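Hi everyone, thanks for making time. I'd like to walk you through a structure that will be new to most of you, so have a look at it while I talk.

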Amino acid sequence: MKAEYRKGCPQRDSVEHEEYAGARSAGARESRERDGADDLLEKILSRDNLNRAYKQVKSNHGAPGIDGMTVEAALPWLRDNKDELLHSIRESQYQPSPVRRKEIPKPDGSGVRKLGIPTVVDRVIQQAIAQQLHPLFEPLFSDGSYGYRPKRSAQQAIRKVKAYAEQGYNHAVEIDLSKYFDTLNRELLMNLLRKQIQDKRVTGLIKKYLKSGVMENGVRRETEEGSPQGGPLSPLLANIYLNEFDQEMKRRGVIVIRYADDIVVLGKSRRAATRLLESSRKYLENKLRLKLNTQKSKVASAIARKHFKFLGYALGKNGNGVYIRTHPQSLVKAKKKLKELTSRSQGRNARQVMESVKVYIRSWLGHFYVADMRRILQDWNEWLRRRMRMYIWKQWKKPGTKVQNLRKLGIPEWQAYQWGNTRLGYWRIAGSAVLNRSITNEKLVQAGYYDFPARYEHLRKLHSND
């Protein structure tokens with residue numbers, strides 16, 4: 001019947017064919033546009049991207065989230081549930097788990113920082129998203145932004161501050177944001193994301209992560225604002241949000257150096273810096289709806305080491321010009337930590353203690369190697385050797401053991417007996433000529449003592465051209 005109808009109406013058949021062809025063409029265009037918009041999610045969920053994401057999450061050695069699943073246990077789970085997981089994400093049905101709240105002390109001792117620990121599965125998904133978003137947003141970021149960006153570091157940030165100080169920008173505005181990660185405005189953040197991300201499923205998934213809530217003491221709690229600090233996506237979102245401040249200051253001709261939410265604005269005079277503090281406060285509070293910590297946000301001389309602090313560093317000035325120092329507070333904190341690690345009351349083997357010291361100092365030097373502190377490290381080296389001699393002396397405990405060990409280490413019998421039975425305090429004995437001759441620097445190194453001044457010099461040379 002349909003064949004007969006078409007044969008009897010060739011004109012209509014032709015028109016219908018054209019309409020069908022046009023509809024098909026329009027449908028193809030819509031499909032291509034939709035596919036282009038949805039292309040980002042497919043890149044995120046691609047096998048290679050997810051594999052890279054898992055490897056990165058595994059290398060970070062993070063703690064489990066609320067489900068208790070470890071990174072190692074997540075791999076077989078992901079293999080078994082991959083298809084269902086990807087389908088739920090593609091269909092916008094996936095619901096992230098609440099993050100596990102953990103409080104850690106702030107480095108300066110001013111309180112605690114609240115971290116949100118996502119489940120391992122959510123960390124892998126967040127990492128996969130971040131890997132694809134970085135190329136989109138990286139070209140938009142300011143040259144003065146150094147935190148959590150490829151081939152950029154805290155060391156480069158303080159070196160940039162030093163370079164500007166050498167050009168006469170001797171006054172710094174230290175901007176401290178109150179609970180930045182917990183207070184950034186989600187609506188503003190989502191608008192910034194939608195400007196660059198066309199795939200609505202991706203922005204929808206990110207919004208779900210922002211609204212996933214936290215689990216405290218077994219109770220799920222909603223969060224109205226902020227981005228939980230602790231997930232792989234959090235640093236990128238923080239940079240996207242504060243990039244608005246960077247770009248606004250750039251338009252005004254103002255110099256800003258920023259590492260995540262640590263911000264320094266530079267001026268050539270105290271008067272100019274005071275004005276910059278006020279204009280920065282207005283923009284951050286009125287436009288970005290953030291809150292400045294008025295007690296910590298201040299104007300300081302950039303080359304007065306006791307007043308200016310940025311990323312644990314300070315600047316100084318001598319006859320050779322401006323130089324980078326480790327801030328006194330950072331030195332006090334580090335020495336306190338070393339004292340704890342070498343405490344005589346631990347009851348651990350001396351080699352284990354020296355290994356703990358090595359791990360801490362390597363990490364500490366990895367951050368502070370750009371600072372001029374040769375003399376300080378030499379003093380610390382002597383102090384730490386004495387601490388380790390004191391630790392070993394206490395481990396020998398009984399006078400008989402002390403006498404026996406001193407004789408084994410080459411001390412004459414009469415002197416070994418005299419010192420093995422002395423009533424002098426541990427610290428005084430640790431600095432004695434007898435212990436320096438028996439527990440020599442070379443023997444300490446053989447036992448695992450870490451020569452960190454040499455490591456410092458190596459790092460300085462390695463990064464001298466950075």
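Let's start with the sheet. It's an open one made of 4 strands, and the order across it is β6-β7-β3-β8. The pairing is antiparallel. One thing to keep in mind as I go: this is a predicted model. In general, strands of a sheet pair through backbone hydrogen bonds, and they can do that either parallel or antiparallel.

So which strands sit at the edges? Those are β6, residues 255-259, and β8, residues 298-301, and each of them pairs on one side only. On average, neighbouring strands in this sheet are turned by 25° against each other, if you ignore direction.

Now look at one pair inside that sheet. Strand β3, residues 171-175, and strand β7, residues 262-267, are antiparallel partners with 5 bridges between them. If you want a spot to click on, try Val-173: its bridge partner in β7 is Val-265.

Next, what packs on this sheet? Helix α6, which covers residues 154-166, touches β6 and β7, and its direction makes about 160° with that of β6. Then there's helix α10, residues 234-251, lying across β3, β6 and β7. α10 runs at about 165° to β6.

Stay with α10 for a moment, since it also has a helix partner, α11, residues 270-287. The two axes come within 11 Å and cross at roughly 140°, which means α10 counts as oblique to α11. The crossing of α10 past α11 is right-handed. And which residues of α10 meet α11? On the α10 side you'll find Leu-242, Glu-244, Phe-245, Glu-248 and Met-249, and they meet Ser-280, Tyr-283 and Leu-284 in α11. Sorted by class, that contact has 5 nonpolar residues, 1 polar and 2 charged.

There's another helix pair further along. Helix α15, residues 399-408, packs with helix α16, residues 413-420, at an angle of about 145°, and their axes are 8 Å apart. Here too, α15 passes α16 in a right-handed crossing. From α15 we have Pro-399, Lys-402, Val-403, Leu-406 and Arg-407, and across from them in α16 are Glu-413, Ala-416, Tyr-417, Trp-419 and Gly-420. This contact comes out as 6 nonpolar, 1 polar and 3 charged residues.

Back to strands, for a hairpin. β9, residues 313-318, and β10, residues 321-326, run antiparallel and are joined by 6 bridges. The hairpin gets from β9 to β10 through 2 residues. Gly-316 stands opposite Tyr-323 in β10.

One single residue I'd like you to find is Tyr-426, in helix α17, residues 426-430. Is Tyr-426 buried, partly exposed or exposed? Its relative accessible area is 30%, so Tyr-426 is partly exposed. Leaving out residues up to four places away in sequence, Tyr-426 touches Arg-344, Met-390, Trp-393 and Lys-394. Tyr-426 and Arg-389 are 37 residues apart in sequence, and their C-alpha atoms are 9.0 Å apart in space.

Let me finish by zooming out. The protein chain has 20 helices and 10 strands. Of its 466 residues, 44% count as buried. And if you take contacts between residues at least 6 apart in sequence, 71% of them join residues at least 24 apart.

That's the tour, so over to you for questions.

Technical notes: Residues are numbered from 1 along each chain as its sequence is written. This is a predicted model: local features need pLDDT of at least 70, side-chain atom pairs count only at pLDDT 80 or more; totals for chains, interfaces and linings use all residues. Side-chain values use heavy atoms; hydrogens and water are left out. Axes are lines fitted to C-alpha atoms, for helices over the stretch in contact, and angles run from 0 to 180 degrees between N-to-C directions. A crossing is left-handed if the near helix is turned anticlockwise from the far one by less than a right angle, and right-handed if clockwise. Contact means heavy atoms within 4.5 Å. Ala, Val, Leu, Ile, Met, Phe, Trp, Tyr, Cys and Pro count as nonpolar, Asp, Glu, Lys and Arg as charged, and the others, Gly among them, as polar. Two strands pair if DSSP finds at least two bridges between them. Angles under 35 degrees count as roughly parallel, over 145 as roughly antiparallel, 65 to 115 as roughly perpendicular and the rest as oblique. Buried means under 20% relative accessible area, exposed over 50%, partly exposed in between (1.4 Å probe, protein chains only).
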